[in-house]
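Colleague: I should be grateful for a close look at a single part of this protein, followed by an account of how the remainder is arranged around it. Please keep to what the model itself shows.

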Amino acid sequence: MTTKTSPSLQELRQDLHRHPELGFQEARTKALVAAELRALGLEVWEGVGVVGVLRAGQGNRAIGLRADMDALPIQEREGLAHGSTLPGVMHACGHDGHTTMLLGAARALAEARDFDGTVVFIFQPNEEAGLGARAMIEEGLLTRFPVEELYAIHNLPGAPLGEVSTREGLICSSESLFEVTIEGQGGHASMPQAGRDAITVGAEMVQALQLIMARRLAPGAGAVVSVTEFLTDGQRNVLPGRATLKGDVRARTPADRAKIAALMEEIVAGIGQAHGVRARLDFRTEFIETHNAAGPTRAVLRAAVAAGLESLPEREPMSFSEDFAHFSAAVPGCFLLLGNGTDGRHGQPLHAADYDFNDALLPLGVAFWCALVRDRLARAGD
């Protein structure tokens, strides 16, 4: 229920935007969320994240709705009246909006209680690093609050405002991080034959790694290998003896992910041996692939219709990764995209310094969440 002192959804969202917090540092955000849920009369549990529980009727079914709370280490571009007050940190992915939409749904459902069962509102930390969902699961979230299904929304800049898009099966790729360390022999730039130049070895590896996608995986596999950093200890006239390559791998299947890791290991070892240098690969997966279950996906599409929203039921899988994958691997669920609009900052890419969540999406997201709860926890005769 909304009291006279309760902020509007827009005020709440913009307050969160002004005060962004990085993963596992969301102290102010958690306190705000917990206070709002308690004011609504919900049972509240605080751990690494925040959970609110709302019950209505006599039904024994329970579903979970998740929102993420963390921001990113990005310096926001000036121009917003509600811009970030913390230098170098901003809500560049819309988690401020996701949190606000779920709080808005809790308000509406707590007032109406027009469903039969239990809704578990999950406010998760540290989605951006892929660590928050696992931390909540390891803390006992799913045993303390057992649910039959789990759902999550992410806004999508560039898509029509309020358009619901999702798909059954794979919806988001996995993300693996890699680091290649090359140890050669530094030397004078005028006498390269006397050393083992790590930078030329690294450059050869960068080129070879791109051939994994072009020649070693099937066309259309949807995998990506990106070298994002190339660091050396070289100077103007000093050939580097050490180099480090860092990067990111996206894959749509565990089999492709494993194959890419094996091929990278082969390339790094082979090129290192050919040039007489020591080369080592570290490959670790932070985000697994995100899969949507059939029943929850159909429920999402029905809820879109009930909320009066356009839908795209067979969208292409997204190349980005989502921490929700750990939830949907444990409980049947559905991850969906909600169009953020196409104009101005609302249409800028996620993680861009001039992106902003569209406040016009807030009531649409609330309407969707409420329609979904009424669908999954319908009262007899409804």
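The part I have in mind is helix 1: which of its residues are buried, and which helices do these buried residues pack against?

Modeller: In this predicted model, the buried residues of helix 1 are L9, L12, R13, Q14, D15, L16 and H17. The helix covers residues 9-18, and with 7 of its 10 residues buried it is mostly covered. The residues concerned include the charged R13 and D15. Their packing partners are three other helices: helix 2 (27-39), helix 3 (95-112) and helix 10 (362-376).

The loop that leads from helix 1 to helix 2 contains F24. This residue has a positive phi of about 65 degrees, although it is not a glycine. Most residues other than glycine have a negative phi. F24 is partly exposed, because its relative accessible area of 42% falls between the 20% limit for buried and the 50% limit for exposed residues.

A second residue of this kind is N126, whose phi is near 45 degrees, again positive in a residue other than glycine. N126 is located in the loop between strand 4 (117-124) and helix 4 (132-138). Its relative accessible area is 7%, so N126 is classed as buried, whereas F24 is partly exposed.

Beyond the helices lies the question of the sheets. The protein chain has 10 helices and 16 strands in total. Eight of the strands form an open sheet with mixed pairing, in the order 1-2-4-3-5-16-6-15. Strand 1 (43-46) and strand 15 (311-312) occupy the edges; each has a single partner strand, and one side of each is therefore left without a neighbour in the sheet. Within this order strand 5 is next to strand 16. Strand 5 (residues 149-156) and strand 16 (residues 333-339) run parallel and are paired over 7 bridges. In this pairing A152 is placed opposite F335 of strand 16.

Another set of pairings centres on strand 12. This strand comprises residues 242-251, and 8 of its 10 residues are buried, so it is largely enclosed by the rest of the structure. Strand 12 is joined to strand 8 in the antiparallel sense by 10 bridges, and it also pairs with strand 10, again antiparallel, over 8 bridges. K246 of strand 12 takes part in both pairings: E179 stands opposite K246, and K246 is likewise the bridge partner of E229.

Two residues illustrate the surroundings of these strands. E175 belongs to strand 8 (residues 174-183). With a relative accessible area of 11%, E175 is buried. Apart from neighbours within four places in sequence, its contacts are D248, V249, R250, T285, E286, F287 and S321. Of these, D248, V249 and R250 fall within the residue range of strand 12.

T232, by comparison, is in strand 10 (residues 224-232). T232 counts as partly exposed, at 36% relative accessibility. When residues up to four places away in sequence are set aside, T232 touches I199, P240, R242 and A243. The C-alpha atom of T232 is 8.9 Å from that of L245, a residue 13 places away along the chain.

The overall figures complete the picture. Along its principal axes, the C-alpha trace spans about 80 × 40 × 40 Å. The radius of gyration of the protein chain is 24 Å; a compact globule of 382 residues would have a value near 21 Å, and the two agree. Buried residues account for 54% of the 382 residues. Of the contacts between residues at least 6 apart in sequence, 81% join residues at least 24 apart. The protein chain exposes about 16000 Å², of which carbon and sulfur atoms supply 52%. Finally, the chain carries 35 positive and 48 negative charges, and the mean positions of the two groups are 2 Å apart.

How values were computed:
Residues numbered from 1 in each chain as written. Predicted model: local features only at pLDDT ≥ 70, side-chain atom pairs only at ≥ 80, totals over all residues. Heavy atoms only, no water. Helix = DSSP H or I, 4+ residues; strand = E, 2+ residues; numbered from the N terminus. Rg over C-alpha atoms; globule rule 2.2 N^0.38 Å. Buried < 20%, exposed > 50% of the residue type's maximum accessible area, 1.4 Å probe, protein only. Contact = heavy atoms within 4.5 Å. Areas by Shrake-Rupley, 256 points an atom, 1.4 Å probe, with all protein chains shown as cover. Charge placed at Lys NZ, Arg CZ, Asp CG, Glu CD. Pairing = 2+ DSSP bridges.
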